[in-house]
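Here is a small set of exercises for getting to know a new structure. Try each task with the model open, then follow the solution step by step.

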Amino acid sequence: MFKTVLTLFRGTVAVAEEELQDRTALVILDQQMRDAAAAVDRSKRTLALAIAGDQQEGRRLDATNARIADLEVRASAALEGGREDLAREAAQAIANLEAERDAAMTARTLFATEITRLKRHVGNAEARIAELDRGRRLARASEAVRSLRRSGIEAARPYESTLPEAEATLKRLRERQIEIQAADDALFEIDTASGPLVVAERLAEQGFGPRMKSTADDVLARLKAKRPPQA
């Protein structure tokens with residue numbers, strides 16, 4: 001039993017974790033992208049430093065080569081002038097400068113390799129961030145649409161719950177109006193069939209009293225009576 005409860009607790013925690021991650025996914029994504037952008041910025045600064053270092057080594061190499069060339073010319077002149085001691089001193093300086101030249105060349109090779117790597121890394125990272133940003137905009141738009149739909153559904157729920165009631169009320173009202181109209185029609189027919197005028201008309205038809213309504217024969221006789229006598 002304890003193992004079951006523990007498993008249930010762990011499952012509940014896992015579900016709550018997933019729900020929290022889902023609800024805060026965009027917030028987490030925004031922060032992750034800010035962290036990634038900051039890392040790219042650091043890589044860019046490192047790249048800038050590498051380029052600056054390479055340029056500095058390039059200037060040092062150019063200056064060293066120029067000094068070596070100058071000392072070689074001077075050492076050759078000393079040898080021609082019989083000053084081997086000065087030529088040897090120049091040769092030692094040239095050897096030292098050549099060591100610096102080789103170190104500068106090695107440094108530039110290292111810088112070139114690192115610059116290439118950093119450029120590739122920064123370019124790849126920027127492309128991935130741009131792709132993430134496009135995806136984030138789509139996700140944010142989808143979330144906004146989902147939120148609007150959810151708001152619309154929640155706002156419509158109270159009215160949706162009353163729609164069947166309103167339709168039922170209208171149906172009952174119409175049925176009641178039909179019943180009232182039918183009763184009015186029936187009452188009118190009853191009044192028409194049993195009213196005083198109807199009774200008087202029936203008595204007149206049986207010869208008891210004058211007719212209540214003129215017939216075609218009555219009208220015809222009246223018209224003939226109005227005609228002047230024939231000569």
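**Exercise 1. Work out how long helix H2 should be, and compare that with the distance between its ends.**

Solution. Start with the length in residues: H2 covers residues 25-80, which is 56 residues. Helices here are DSSP runs of H or I with at least four residues, strands are runs of E with at least two, and both are numbered from the N terminus. Next, take 1.5 Å times one less than the number of residues. This gives an expected span of 82 Å, and the end C-alpha atoms lie 81 Å apart, which agrees. Finally, look just past the end of H2, where Gly82 has a positive phi of about 80°.

Before going on, please note that this is a predicted model, in which local features need pLDDT of at least 70 and side-chain atom pairs count only at pLDDT 80 or more, while totals for chains, interfaces and linings use all residues. Residues are numbered from 1 along each chain as its sequence is written, and side-chain values use heavy atoms, with hydrogens and water left out.

**Exercise 2. Describe the secondary structure of the protein chain, and find where confidence is lowest and highest.**

Solution. Count the elements: there are five helices and zero strands. Along the sequence, this reads α-α-α-α-α. Now turn to pLDDT, the predictor's confidence in each residue, from 0 to 100. Its mean over the chain is 76, and 61% of the residues reach 70 or more. Helix H1 (residues 2-23) has the lowest confidence, with a mean of 58, whereas H2 has the highest, at 89.

**Exercise 3. Find the residues of the largest nonpolar core, and say which helices supply them.**

Solution. A nonpolar core is a set of buried Ala, Val, Leu, Ile, Met, Phe, Trp, Tyr and Cys residues joined through side-chain atoms within 4.5 Å. Buried means under 20% relative accessible area, exposed over 50%, and partly exposed in between (1.4 Å probe, protein chains only). The largest such core holds six residues: Leu29, Met33, Val40, Val122, Ala125 and Ile129. At least two of these come from H2, and at least two from helix H3 (84-194).

Now focus on Met33, which is found in H2. Its relative accessible area is 7%, so Met33 is buried. Leaving aside neighbours within four places in sequence, Met33 is in contact (heavy atoms within 4.5 Å) with Ile129, Leu132, Asp133 and Arg136. Met33 and Asp133 are 100 residues apart along the chain, yet their C-alpha atoms are separated by 8.1 Å.

**Exercise 4. Is Asp54 buried or exposed, and which residue's side chain does its own side chain meet in a polar contact?**

Solution. First locate Asp54: this residue is in helix H2. With a relative accessible area of 13%, Asp54 is buried. Its side chain makes a polar contact with the side chain of Arg108, at 3.0 Å. Such a contact is a pair of N or O atoms within 3.5 Å; within protein, one must be able to donate a hydrogen and the other to accept it, and residues adjacent in sequence count only if both atoms are side-chain atoms. Beyond four places in sequence, Asp54 is in contact with Arg108, Phe111 and Ile115.

**Exercise 5. Decide whether Thr64 is buried or exposed.**

Solution. Thr64 also lies in H2. At 3% relative accessibility, Thr64 counts as buried. Setting aside neighbours within four places in sequence, its contacts are Leu97, Glu100 and Arg101.
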